[in-house]
Amino acid sequence: MTRQTGKPALDPLDRTTEAVFGLLMALTFTGAASVVSVENPRQILAAALGCNLAWGVTDAVMYLLSTSIERRRRSAFLERLRAADPSDAANLLREAVGDILPDTTPENRVSSLVDWVRDGGKGGRTAGLVADDYRASLTVLLTVVGATFPPIVPLFLLEDGG
């Protein structure tokens with residue numbers, strides 16, 4: 001299996017967003033605990049942890065799905081580009097890159113770019129998921145679950161819950 005490298009498991013914005021969502025969910029439980037009388041603060045711990053665990057698993061699976069779909073989409077595009085005649089391939093590439101490639105780009109440059117993309121697509125990269133993808137999804141899960149602890153640890157440590 002070919003290892004794909006490049007983007008990290010989560011870029012800093014995604015990592016921060018996942019942590020903030022996990023934190024907000026845990027704060028929802030601790031906020032509710034401060035409004036109602038809770039006999040056992042461990043119930044809040046279990047509820048917040050269970051919620052964030054479910055959210056983390058869901059988010060990790062969604063990460064794998066979106067990665068797989070994006071990779072298969074790119075692979076299908078490369079196959080269409082390889083199978084197309086030169087003028088159709090140039091049009092496919094222009095559509096795919098949109099405004100990045102100005103309309104004034106000479107056709108010989110577009111043709112060279114099509115050849116470069118066609119050749120670059122033969123590097124043995126897989127359209128399926130690789131080990132790095134599963135590690136990234138685990139990072140998503142651990143980020144969400146880890147964000148549970150800062151607001152609930154005080155409840156866990158206090159014997160009377162308040």
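**View 1. Helix H4 end to end, in a predicted model.** Helix H4 runs over residues 107-120. Fourteen residues at 1.5 Å apiece ought to span 20 Å, and the C-alpha atoms at the two ends do sit 20 Å apart, so expectation and model agree.

**View 2. The two sides of H4.** Which residues of H4 are buried? They are Val110, Val114, Val117 and Arg118. Looking down the helix axis, these buried residues fall within an arc of 100°, which means they line one face of H4. On the face turned away from that buried side you'll find the exposed residues Asn108, Arg109, Trp116, Asp119 and Gly120.

**View 3. The largest nonpolar core.** Eleven residues make up this one: Phe77, Leu81, Ala84, Ala89, Ala90, Leu92, Leu93, Leu101, Val110, Val114 and Val117. Helix H2 (41-83), helix H3 (86-97) and H4 each chip in at least two of them. Which helix gives the most? That's H3, with four residues. As a general backdrop, nonpolar side chains tend to be buried together in soluble globular proteins.

**View 4. Zooming in on Ala84.** Ala84 belongs to the largest nonpolar core. Setting aside neighbours within four places in sequence, Ala84 is in contact with Ala89, Leu92 and Arg118. Of these partners, Ala89 and Leu92 are listed in that core too, while Arg118 is one of the buried residues of H4.

**View 5. Ser68 in helix H2.** Is Ser68 buried or exposed? Its relative accessibility is 15%, and the cut-off for buried is under 20%, so Ser68 counts as buried. Not counting residues up to four places away in sequence, Ser68 touches Ala127 and Leu129.

Technical notes: Residues are numbered from 1 along each chain as its sequence is written. This is a predicted model: local features need pLDDT of at least 70, side-chain atom pairs count only at pLDDT 80 or more; totals for chains, interfaces and linings use all residues. Side-chain values use heavy atoms; hydrogens and water are left out. The expected span of a helix is 1.5 Å times one less than its number of residues. Buried means under 20% relative accessible area, exposed over 50%, partly exposed in between (1.4 Å probe, protein chains only). The arc is that of the directions from the helix axis to the C-beta atoms. A nonpolar core is a set of buried Ala, Val, Leu, Ile, Met, Phe, Trp, Tyr and Cys residues joined through side-chain atoms within 4.5 Å. Contact means heavy atoms within 4.5 Å.
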